[in-house]
Structures are given as C-alpha cells and as structure tokens.
Protein chains: 2
Amino acid sequence: MTTDAKILSALRAHPDGVSGAQLAEQLAISRAAVWARMDELRQVGFAIEAGPHFGYRLVGEPDALLADDLLARLGETKVVGRDIRVFEETTSTNDVIEKLARDGVKEGVVIFAESQTKGRGRLGRKWLSPVRQGLWFSILLRPELRPQETTQLTVASAIALRRAIKTVTGLTAEIKWPNDLLIGGKKVVGILTELSAEVDRVRHVILGIGVDVNQGVAEFPAELRKLATSLKLAAGGGEISRAELATEILRELDFDYARICGGKFSAVADEWEAGCATIGRNVSVQMGVRFIRGRAESLDDDGALLVRTEHGHLERIIGGDVTLEK
Amino acid sequence: MTTDAKILSALRAHPDGVSGAQLAEQLAISRAAVWARMDELRQVGFAIEAGPHFGYRLVGEPDALLADDLLARLGETKVVGRDIRVFEETTSTNDVIEKLARDGVKEGVVIFAESQTKGRGRLGRKWLSPVRQGLWFSILLRPELRPQETTQLTVASAIALRRAIKTVTGLTAEIKWPNDLLIGGKKVVGILTELSAEVDRVRHVILGIGVDVNQGVAEFPAELRKLATSLKLAAGGGEISRAELATEILRELDFDYARICGGKFSAVADEWEAGCATIGRNVSVQMGVRFIRGRAESLDDDGALLVRTEHGHLERIIGGDVTLEK
C-alpha cells in the first residue's frame, strides 16, 4: 500500500479523528510529511478536517476514482487488485492492459478509466463510457487454462459482479449468458473477455468490465433506454459510491478467481445457474451464419451453454448472440 | 509488385538477356532509371551482366532474402504473401506481426528475419535462428474461426510445408502432431500458432514458422544433434536456395489457407493423416499435469488428435507434448 492509501485507511478506521503523531509513527514519516500528504489528499478532493483535539478526520470523499483510495479500501487480496491504476481518459482500458501484458506485468493489475474514447463490447461493438458515470475497468489475469476454458472467467465475473451489486445497492441482478447483467430486463453490466494464447495454452486473459452506475435517463441515447439502465435509476435513489462498488467488485472477483484456479468451477457454475435468467428459458442463438432455437438447460464444465434444440439435440454454445424468448 | 520485383521477374523470364529499352517500356520508366535500378540490385548481391547484344541478364543471386525478390518470385497469391517484409534481425518475427496486427494491418503480410534474438517455439521454448541459415518468418491471418478451430491452421501449415520441401529438395518429411516436421526422425520445421481472440471469435492468428535449411552439423548445439537437422544435411548436398524454398512455402500456404477458409478442412486433414508419423502409432502425451498413453487414431474436425487410451477411452488432444513410442 502507498502512504496515501495507508493514511486513508487510518482515517476511515478512526471516523472521530486520528492524531498526526499517531499517523506519523504508524507510517514512519515525520508529522510535517503527514501534514503535506493531507494537503495533497485535499487537492484531489478528500475533505479532511484538522483540529488540536481530534487530529485529522475524513468528512467527505471525492467522486473521482483514485488508485490510492481504491487500494486503501480494498486491503489485501490474493491476485485481483494487487496493483490498481486510474486513467482520466483512455481509448479502452483493455488496450492499456494489453500493453502491460506484453511488457510482462504480473496478473492482478486493474486499470480504471474515468472515460473511454473507444470502449468496446463483444463482437467489436461500441460501449459508451461517459465520464465518471460508471465503472470502466480491465483486469489482467494469467490463468493456467486452455483457450476454450476461458468462458469460465466470464461466468465467474458475472456472479462476482452480481454479489457486489447486491451488497452495495441491495439490487438483485439477473445474469444473461454469457456476459451481461440485467435489472428489470435492462442491461447494467457488460463483460468482455479477451485472450492471447497458443493453440493449447492461454498466455493472458483480459477481463474488461463496464458497469452503468450513476447515469440519469437523459444520459442514455434514446435507442438504448429500453435496453439499458444504471444502478442509480434501478435503485431509484441517490448517487452510488463508485469507489465502494469498485472495491466490492474486485474483492468478489478475487474470491471467484481463486475458486477457478483451485479447480472449483462447479461451485461457480452452480451459483451462476441460480442467478441466471437464461437457464430454463427458451432462447434463440445466432452464431455467425447458424441460427439455433431451443431451451437453455445448463452450463457445461467449460462454461458453455447447453441448449436443447427443437429437434431434441443438445447443442454446446460458446458464443454468439443469445436472445431470451417470451 | 515493386519496380525491382518486376525487373527481377523480367530478368528471370529472359535468362538470355532482356534489353534496357524493352524493360523501360514495360515498366514505364526511363532507360537511365532501369540502369540505376540494376545498379541497386547489384549492390544487394544480384550479379547482373550488361552488354550491347543481350541487354541485361541475371547470372547470380545473393544468399540474402530480399522482399522485392521474394515478391517477384511469388507472383500473385490470394492472401499469403500479398505483402512481404524482411528484417536483418528482430527479437521474434511473431512480435513484429503482433504489432502490425494491432495496427490493423490486413491479413497475408509475411515478415522474414535473417536472424532472431528471441525466437520462440511452443510452450515458451527457445528457438535457435542463426543468421541466414534457415527461414524464420511469420504470417498474419484473420480467419473467421473460433479459438479452438485454429488448430486447423497448424495442420494446414504442416502439409503446405511438407509439399514445398518435397518440391524444392526432393525430401519427404514426416509430420509429428501438431507442429513439427521430421526427416529421418529429426526435426527440421517447427510451427508456432499464436492467437488473439474473444472467447468465441478469433481476432487474428500469427503463424510463426522456423525451417532449418543450410546449417552444418557444427551449427547445431551438441545436445540437439540427435533431435534436429537441416534440409541441407538431410539431402546430403549443397546449399539450398532459401528464396526458392520461401516462395514455394508461401504459395502452398496460400493454397491451404484458401481451403480452410472455404470450409474444406476435411481435404486438408486427409492429406495430413497420409503424411503423418503420429497416426497409427503408440504415443504418450503430457498435458500439464495429466499424462496419457494410447494409440493415435485420427484428427477430428478441429484438428485435434484423437488418442485411444489403454483403457479404450477416446481422448481429444488439442495440445501438450506428444512423444512417439517405439
């Protein structure tokens, strides 16, 4: 943890205030250095009061995502979030991670951007990422999986995001296979899993995640209003803390990534099926030029969707566009 | 084709000589420009005679690989070799292609290097690429395949290389699944297939190919002499024209890539099985921590190897280390 992260951590642990002397000792820096750090934290938007009786206390948090703040909130994790970086703007956080991956950076690094100029979804589709209204981030993973097993990571991400959203907002999201979370039938989360591999061995996987958090109705283009919503709109309340949600998501992802790496995908799959709007439903699937219609029955060991077609044949779906039928 | 490529093409078409006037007209440049070009070609190693009676004629070729020369020899192809670039030295030709791929370069571009400082084989292994003694090159492809189908491209490459080697050297290579060509049980060719993908869709594939062409015994490290050889050693003759072999390989790859894209993998697979040292043999396969022993029976539709285990179960092998048993 950086010094700023440690300071934020200490301030949050002592809502009534913590003395400069105590902080200085804990961090092994001078009291003057503590004072200077507080000033820097104020400059990026933290409201920190100082007084002779209570020392320093945190009375307000900025809307911005700050790497130190996220690290302080997250605390210790196994893999996901060991390193966090925040960009004001980038083309796509997946692009940034891709470069880091090629430079040999260790797995677990997370890149957030306050906005993306070329955010993308599956199949090369565009993903809107308006400034500070959602969470647009990517995670570098280096699992020992074969290329076709990486669907497991999309599945794990979906349940981790679902739990985090429940914890922070109280909302229950439904999973739409393979990569969307819906609330009231409208999309709030998209997951894009990209991989670099040899034929039989994954080099690295990039999980790209977009969560619509604080948009109002006006911020969605008219043609998307029936299809997409934000957590704030769905909860019908005020602004949601993006930093709190972000760290909750990373914590849950870290937990599920450990399950996948530990060979416990069946537990992940069971939880996924329980939260899934797709299983048990009639679906139509467009896969390139093929079109399949049938009933989604379950997930297989690789996270592929098993669909029983009208002709009674069991089809294994690893991608494509799945539409839920009425 | 570049002007130099056209000149080389014309010189080869007229071994007895072609007049400067004729070349100038054909290329729509001045006779002085033709003269200047000849001088440049001489500087990179072509022996070109000039005389009042025969015009210009080609009497010697350099050992170096030259992009213009390769383009001239190759002529028109559908995809593979539409663009050829030669580097004196690079880390790995796959790295160069990777960068081009991310810049959006069209499929079919081929990068040769006269030497690689970090040539690599499967599973992160090192590949030796001594200066001008072999062909070290990579090809960018953008097929409409799913990640697990990319094994098809490795299979297609193996048969294309086998035909090209037969044509140029008369040698018959055996295929060892999935990515090696052997002569007399010793490796002469390695193929590394790397991919960038979404879970269900390939973005691009890089075929990295290494062919040991003109090494002598002394040029192989002692520990490799029982395992690897060069085409020159296997043929027991003189130097083999790397430019001729390179263009023959690209021509054959172009043919097989068209078959794959046209959905004709079964024809490719049949040819592969006929030339394969693995099919019908007892093999042991190390896949991560798993170890399988059995009889290699055939290829499936995705190019995976089907192995009948000692217990009668049919296992689908998409990677791993395959050893032929006695």
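Through which surface do the copies meet, judged by the interface residues of chain B and chain A? I looked this up first and found that 95% of the interface residues of chain B are also interface residues in chain A, so the copies meet through the same surface; two residues count as in contact if their C-beta atoms, placed from the backbone, lie within 7 Å.

**Ground rules.** I note that this is a predicted model, in which local features need pLDDT of at least 70 and side-chain atom pairs count only at pLDDT 80 or more, while totals for chains, interfaces and linings use all residues. Residues are numbered from 1 along each chain as its sequence is written, and chains are lettered from A and ligands numbered from 1 in the order in which they are written.

**Symmetry.** I superposed the copies by least squares on the C-alpha atoms of residues with pLDDT of at least 70 in both, and chain B can be laid on chain A with an RMSD of 0.1 Å by a turn of 180° and a shift of 0.1 Å along the axis. The two copies are thus related as by a two-fold rotation axis. The residue of chain B that comes closest to the rotation axis is B:S196, at 2.2 Å for its C-alpha.

**Interface.** I find that chain B and chain A each bring 21 residues to the contact. On the side of chain B that touches chain A, α6 and β8 (186-198) each supply at least two residues, and β8(B) gives the most, with six; helices (H or I, at least four residues) and strands (E, at least two) are DSSP runs numbered from the N terminus. Strand β8 of chain A pairs with β8(B) in the antiparallel sense over five bridges, where pairing requires that DSSP finds at least two bridges between two strands. Within this pairing, I noted B:L195 as the bridge partner of A:A197.

**Helix packing.** In chain B, I looked at α6 (residues 151-169) and α8 (residues 242-261), which pack at an angle of about 140° with their axes 8 Å apart; axes are lines fitted to C-alpha atoms, for helices over the stretch in contact, and angles run from 0 to 180 degrees between N-to-C directions. That angle makes α6(B) oblique to α8(B), since angles under 35 degrees count as roughly parallel, over 145 as roughly antiparallel, 65 to 115 as roughly perpendicular and the rest as oblique.

**Sheet.** I also traced an open sheet of five strands in chain B, with the order β13-β12-β11-β10-β14 and antiparallel pairing. Its edge strands are β13 (314-317) and β14 (321-324), each of which pairs on one side only.
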